[in-house]
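Trainee: Could you take me through one part of this structure closely? I would like to see how a single piece sits among its surroundings.

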Amino acid sequence: MAASASLYYFLTLLLLCAIPFTFSELVKEQPLVLKYHNGPLLKGKITVNLIWYGKFSPTQRSIIVDFINSLSSAVKPKIPSASFWWKTTEKYKSGSSTLVVGKQILLENYPLGKTLKNPHLPALARKFNGVGTVSVILTAKDVAVDGFCMRCGTHGSNRVGRVRGTFIWVGNSETQCPGQCAWPFHQPIYGPQTPPLVAPNGDVGIDGMIITLATLLANTVTNPFNNGYFQGPADAPLEAVSACTGIFGTGSYPGYPGKLLVEKSTGASYNANGVNGRKYLLPAMWDPQTSRCKTLV
């Protein structure tokens with residue numbers, strides 16, 4: 001009987017020792033691979049032209065312009081920085097992508113109305129179509145766009161004659177779907193209901209737009225014409241940053257953005273410093289050298 005009991009405890013200990021190993025193997029992060037499909041990437045100097053559709057305050061516009069300028073700033077900001085985040089794009093074949101803010105148009109009188117259809121986006125983008133340019137269409141909080149909230153923005157390409165240009169659309173979700181497009185600065189619509197974070201620029205809608213714009217700028221330069229870096233089908237790809245959705249800091253999991261920095265005076269959460277003293281929250285980006293989603297903190 002004693003021998004049977006000893007054997008029972010021995011086998012039990014073996015089982016208990018095996019369980020953590022088995023679980024760790026199950027949850028071990030697998031390498032994420034974005035395949036290069038041999039198409040052109042956007043490299044060198046890239047002019048980013050802005051189309052402000054609807055009403056944005058001067059402060060809102062400056063937050064976004066400062067963000068774009070922060071990505072390729074010659075001035076060395078405090079670490080961690082938005083420019084260091086952007087340098088990961090250099091690891092995607094053929095060198096660096098230097099962003100420069102170009103022309104800006106204010107369309108505050110809603111020339112196409114307050115409800116935009118998908119064909120309106122490339123039509124607006126053609127105002128600045130050109131080689132080495134990205135047209136960014138930013139829609140105000142009272143503008144509805146087909147598919148908004150199912151998506152927070154998109155990027156694509158269009159052709160005028162022989163010139164093929166790229167464009168990005170990002171919407172302000174403040175009054176339409178902040179739980180989907182401004183998380184973690186707003187309570188999520190689904191999943192774990194963690195408290196929202198304080199937005200680093202004090203504007204939930206604009207700080208949410210920064211996350212989407214950062215995502216789409218990186219996706220655009222690494223997969224401008226649907227034959228660059230991506231995983232999955234070309235019409236619904238996982239790209240440089242969209243492959244890392246919801247990850248902002250180390251230790252992240254669904255409903256928790258990860259460990260972030262907190263500004264003592266405001267309580268705002270961020271992970272990147274920018275020009276003019278700006279702070280931003282930027283998503284993780286896939287690193288081709290490690291095949292992992294890379295965070296700044």
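**A close look at helix H2**

Mentor: Start with burial. In H2, 10 of the 14 residues are buried, so the helix is largely enclosed by the rest of the structure. Keep in mind that this is a predicted model.

Now place the helix. H2 runs over residues 58-71. From its first C-alpha to its last it reaches 20 Å, close to the 20 Å expected at 1.5 Å a residue.

Which residues of H2 are buried? They are Gln60, Arg61, Ile63, Ile64, Val65, Asp66, Phe67, Ile68, Ser70 and Leu71.

What covers them? The cover includes the strands E2 (44-53), E3 (97-107), E5 (133-139) and E13 (279-280). Helices H3 (82-86) and H6 (204-222) are also part of the cover.

Follow H3 onward. Threonine 89 lies in the loop between H3 and E3. Its relative accessibility is 0%, so threonine 89 counts as buried. Leaving out residues up to four places away in sequence, threonine 89 touches Lys43, Gly95, Ala218, Val221 and Met285.

Met285 leads to the next stop. It is one of the residues lining the largest cavity. The others in that lining are Phe84, Trp85, Thr88, Lys294, Thr295 and Leu296. By class, the lining has 4 nonpolar, 2 polar and 1 charged residues. About 40 Å³ of space lies inside this cavity. A search of the whole structure finds 1 cavity of 30 Å³ or more.

Technical notes: Residues are numbered from 1 along each chain as its sequence is written. This is a predicted model: local features need pLDDT of at least 70, side-chain atom pairs count only at pLDDT 80 or more; totals for chains, interfaces and linings use all residues. Side-chain values use heavy atoms; hydrogens and water are left out. Helices (H or I, at least four residues) and strands (E, at least two) are DSSP runs, numbered from the N terminus. The expected span of a helix is 1.5 Å times one less than its number of residues. Buried means under 20% relative accessible area, exposed over 50%, partly exposed in between (1.4 Å probe, protein chains only). Contact means heavy atoms within 4.5 Å. On a 1 Å grid over the protein atoms alone, a cavity is a set of points where a 1.4 Å probe fits but cannot get out, and a pocket is an open set with protein on both sides within 12 Å along at least five of seven lines; lining residues have an atom within 4 Å of a point. Grid points are joined across faces, edges and corners, and a volume is the space filled by probe spheres set on the points. Ala, Val, Leu, Ile, Met, Phe, Trp, Tyr, Cys and Pro count as nonpolar, Asp, Glu, Lys and Arg as charged, and the others, Gly among them, as polar.
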